[in-house]
Amino acid sequence: MNAVDATEHYETSAHDPAPSLLTVILDTNPHAWALLEQTSRSPLPFSTALANILVFLNAHLACNYANEVAVVASHSHKAAWLYPTASPSARPDPDGDVSMTADGSINGQKDAGRQVNKYRPFRIVEEQVTSNVRQLMDLTSRTDMDNNSSTMMAGALTLALSHINRRTIAWADAHGGGDTSSVSRSGGPDTSTTSLLTRRSTTTAANDGTAEGLQSRILIISVSSATGSAHQYIPLMNGIFACQRLRIPIDVCKLSGDAVFLQQASDATKGIYMSLSEPRGLLQYLMMAFLPDQRSRKHLVLPTRVDVDFRAACFCHRRVVDVGFVCSICLSIFCEPPENGDCLTCGTHLDMGDYGAKPALVARKKKKKKVRANGTGASATPTPTPTPGP
Amino acid sequence: MADSDEEYIGGISEDEDDSNILQGSRGAAGPASKRRKQKGGAEFELSRTWETLVEGADGTISSTVEGLLEASKRKRLLKDTTPLQRGIIRHVVLVLDLSQSMTEKDLRPTRYLLTLRYAQEFVREFFEQNPISQIGVLGLRDGLALRVSDMSGNPTEHISAIQDLRSQDPKGLPSLQNGLEMARGALFHTPSHGTREILIIFGSLLSSDPGDIHQTITTLTDDKIRVGIVGLAAQVAICRELCAKTNGGDDTSYGVALNEQHFRELVMDVTTPPASYSQKQSTSSLLMMGFPSRTIEPFPSLCACHSNPTSGGYLCSRCNSKVCGLPAECPSCGLTLILSTHLARSYHHLFPLMNWVEVPWQRASRSTACFACGIPFPPVTLREQRQATETLTKGMSVSSRYECTVCKNHFCIDCDLFAHEVVHNCPGCQSRAATQSGDDVYRHQNEIDRMDTSR
């Protein structure tokens with residue numbers, strides 16, 4: 001009965017299409033961008049790419065007045081928010097998440113004359129993203145980059161998911177979340193854990209169901225190389241399964257190289273994977289392939305990838321393997337049989353089976369010889385004759 | 001006090017009995033009437049939940065309720081740590097009764113809705129416990145078996161398919177034989193190294209079959225398919241026979257639900273892998289597995305497993321022969337081929353996210369907003385106000401901040417729940433906003449990796 005009530009409630013308010021939240025994860029690893037600029041035939045400087053992405057964000061905002069965007073930077077040594085940053089009054093944390101201090105006042109003064117006629121959401125997104133990117137780059141020291149050429153994709157994905165979760169809860173509360181949820185919301189710090197749990201389950205149920213909620217999707221703009229994310233295999237996979245459970249498609253726009261785990265991400269969540277052959281046409285790719293939201297995608301033929309690399313990263317050396325050894329208890333993957341046959345993860349002693357048993361061929365030859373010896377030895381055939389004797 | 005309570009309850013239960021015998025009806029006394037059916041009413045048990053509540057010193061029951069909540073949470077945590085063998089590949093067809101009898105309201109809200117809800121929970125739990133297994137869902141309605149979702153390893157597909165059933169109404173009579181035959185067809189192609197199981201949730205007391213169901217039972221035993229049935233109404237002889245014959249004479253896989261809780265337990269029991277499947281499988285061993293990549297070809301070619309012409313498929317990573325579906329055993333070299341994403345589904349059990357700790361007001365000034373979602377925290381209050389809020393319930397953070405013990409970032413309660421129940425990642429640790437030099441960062445990262453594997 002409750003479900004019936006809820007759907008009725010949604011239907012009355014769902015005359016205008018539900019807004020969608022687009023979260024862009026931008027790989028800002030300086031190594032990869034430098035490599036892209038130097039080696040490829042058609043160089044795409046980071047500034048141009050950022051300008052293109054901003055146009056794309058504006059296009060998404062323009063689709064529906066209630067649409068939202070969020071931008072996360074997956075940098076070489078940290079993941080940081082680029083767009084919905086906290087208010088300027090927020091002080092920087094001692095533990096270094098400095099990106100929260102969006103200093104809007106400087107930009108405000110500088111651009112005030114130029115951008116008065118700009119649609120305000122466009123302007124806010126543009127100012128915050130550019131100033132935060134600049135800040136991020138300024139704070140990147142040489143030593144940060146020397147040793148770390150990977151990108152914090154798993155962290156950025158987790159941040160993006162947390163934000164999506166927050167927005168989904170907020171949206172459900174604002175649009176027919178029901179009486180119980182609003183009560184538990186207003187309780188503040190003294191809400192009991194149970195009410196939060198139930199609310200959590202109801203929001204996920206609303207998200208799982210066909211009811212129109214906030215439609216979220218994630219777009220990853222990736223430039224880093226394939227094996228860079230091998231050491232983040234498990235967190236990345238956790239993020240991917242969270243997306244799968246929440247029905248959030250992960251779209252991947254790959255500017256250079258190929259990323260094994262991002263292919264799996266888009267395949268598992270039914271997103272779009274595109275490896276751009278001509279990075280200079282980034283804006284066109286973005287507008288044509290990645291702009292439609294989930295509802296319009298039902299009616300489109302999507303440029304999705306058909307051959308997917310399903311290799312996994314081993315737990316012992318973080319290698320990307322296509323044949324591995326798997327512990328039957330905990331399903332950990334190893335690239336070679338562990339020493340002593342003890343699983344490195346769960347400690348179970350594992351029966352090694354016949355892996356690494358090289359003398360398989362030799363043993364067979366011996367067996368054959370034995371068979372022959374038995375056959376030719378004529379010791380077996382005479383045995384029947386003595387038996388009748390006694 | 002206690003004595004009088006006892007008498008009072010005793011009186012009530014006697015009354016219930018009388019009314020049941022007199023009326024013999026379902027409805028409000030649903031569990032009681034079913035209890036009568038189960039083994040002739042010999043097992044007689046009432047759970048008096050109100051008796052477990054004990055008043056605290058202040059005259060409220062809040063402390064007991066809290067204890068119960070904590071106990072249930074701890075139970076859940078403990079359940080996760082049991083060393084289950086997740087390497088077993090199971091193939092299960094879930095058959096749901098969608099016939100007229102499911103409209104009965106003896107299970108709240110109705111048998112039908114409750115079955116659908118538990119079926120969704122079953123699918124989710126099943127894939128947590130058996131990450132490389134596969135499920136298919138069938139329905140029995142109008143004397144026909146209808147396909148709800150195909151055999152696959154993706155839980156979301158099944159859950160949405162079951163969810164879609166909510167809008168339809170149960171009607172007609174069920175046919176066990178049709179359902180079993182269709183399930184047998186779905187399990188026909190499954191590789192021999194996995195299990196083949198059928199789980200039927202059966203609310204009716206009859207089966208209108210087109211032919212002889214005993215023949216179907218013999219073919220099922222020939223195909224080594226095990227059948228488990230959860231009955232919702234009463235014991236049915238053919239169900240017991242079916243379970244006994246397909247499980248080698250053991251009919252414990254047939255259970256009749258006494259109430260909602262029992263129903264759930266019966267269904268969830270099936271998610272644990274069968275104990276004595278085979279001696280070789282049950283010893284822990286290192287399995288060699290291949291993670292093939294999906295390819296697509298312009299012209300169809302024959303797959304090695306069924307010799308069907310297909311244009312897409314998976315190439316064995318050792319011998320390059322093509323199989324059309326995963327998980328499978330390579331027909332030419334015998335390597336077990338699986339999707340690595342299926343394995344990865346259970347990894348959050350291996351490396352669980354540590355619980356976050358509550359932050360007292362003394363340390364709360366370090367943060368003003370949640371690290372992950374940016375929602376502002378309540379500002380640090382003065383000492384007098386703190387005293388007032390210190391007496392809040394245990395387990396909740398007074399400053400509504402929760403701290404990850406590894407990365408020392410503060411998070412809100414929503415992100416705490418989300419991180420521990422859905423993502424299983426710490427947003428702070430994964431996006432380590434480290435300010436040390438690069439060398440330190442690298443060592444730090446190695447440390448975290450090592451910590452991960454040690455647990």
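Which strand of chain A does C327(A) lie in? Let's start there, keeping in mind that everything shown here comes from a predicted model.

**View 1. C327(A) and its surroundings.** The residue C327(A) lies in strand 9 of chain A, which covers residues 323-327. Is C327(A) buried or exposed? C327(A) has 27 other C-beta atoms within 10 Å, so this cysteine counts as buried. Setting aside neighbours within four places in sequence, its contacts include C343(A), C346(A) and L350(A), and also L286(B) from chain B. Look for L350(A) in particular: 23 residues separate C327(A) and L350(A) in sequence, and their C-alpha atoms are 7.4 Å apart in space.

**View 2. The largest nonpolar core.** This core has 134 residues, and V24(A), I25(A), V72(A), L82(A) and A160(A) are those with the most contacts inside it. Helix 7 of chain A, residues 153-174, supplies the largest share, 11 residues. A good place to rest your eye is A160(A), which touches T23(A), I25(A), A70(A), V72(A) and I218(A) when residues up to four places away in sequence are not counted. Another core, of 54 residues, lies apart from it, and V92(B), M102(B), Y118(B) and A119(B) are among its members. As background, nonpolar side chains in soluble globular proteins tend to be buried together.

**View 3. An open sheet in chain B.** Here 3 strands of chain B pair antiparallel in the order 8-9-10. Strand 8 (294-302) and strand 10 (322-323) of chain B stand at the edges with a single partner strand each, so one side of each has no neighbour in the sheet. Strand 8 and strand 9 (residues 309-315) of chain B are joined by 5 bridges. To find your way across this pair, start at R294(B), which stands opposite Y314(B) in strand 9 of chain B.

**View 4. Helix 15 of chain B and the residue just after it.** Why is helix 15 of chain B described as largely enclosed by the rest of the structure? The helix spans residues 413-423, and 8 of its 11 residues are buried, which is the reason for that description. The buried residues are I413(B), D414(B), C415(B), D416(B), F418(B), A419(B), V422(B) and V423(B). Just after the helix comes H424(B), with a positive phi of about 60°.

**View 5. Two loop residues with positive phi.** In chain A, R247(A) has phi near 55°, a positive value in a residue other than glycine. This arginine lies in the loop between helix 10 (233-246) and strand 5 (250-254) of chain A. R247(A) counts as partly exposed because it has 18 C-beta neighbours inside 10 Å. In chain B, K224(B) is not a glycine either, yet takes a positive phi of about 60°. Its place is the loop between helix 7 (213-222) and strand 5 (226-231) of chain B. K224(B) has 11 C-beta neighbours inside 10 Å and so counts as exposed.

**View 6. A cis peptide bond in chain B.** Zoom in on the bond from R108(B) to P109(B), which is cis, with omega near -10°. You will find P109(B) in the loop between strand 1 (90-97) and helix 4 (111-129) of chain B.

**View 7. Chain B as a whole.** For context, chain B contains 17 helices and 15 strands. Of its 455 residues, 40% count as buried. Among contacts in chain B with a separation of 6 or more, 63% involve residues 24 or more positions apart.

Technical notes: Residues are numbered from 1 along each chain as its sequence is written. Chains are lettered from A and ligands numbered from 1 in the order in which they are written. This is a predicted model: local features need pLDDT of at least 70, side-chain atom pairs count only at pLDDT 80 or more; totals for chains, interfaces and linings use all residues. A residue is buried if 20 or more other C-beta atoms lie within 10 Å of its own, exposed if 12 or fewer, and partly exposed in between; C-beta atoms are placed from the backbone. Helices (H or I, at least four residues) and strands (E, at least two) are DSSP runs, numbered from the N terminus. Two strands pair if DSSP finds at least two bridges between them. Two residues are in contact if their C-beta atoms, placed from the backbone, lie within 7 Å. A nonpolar core is a set of buried Ala, Val, Leu, Ile, Met, Phe, Trp, Tyr and Cys residues joined through C-beta atoms within 7 Å.
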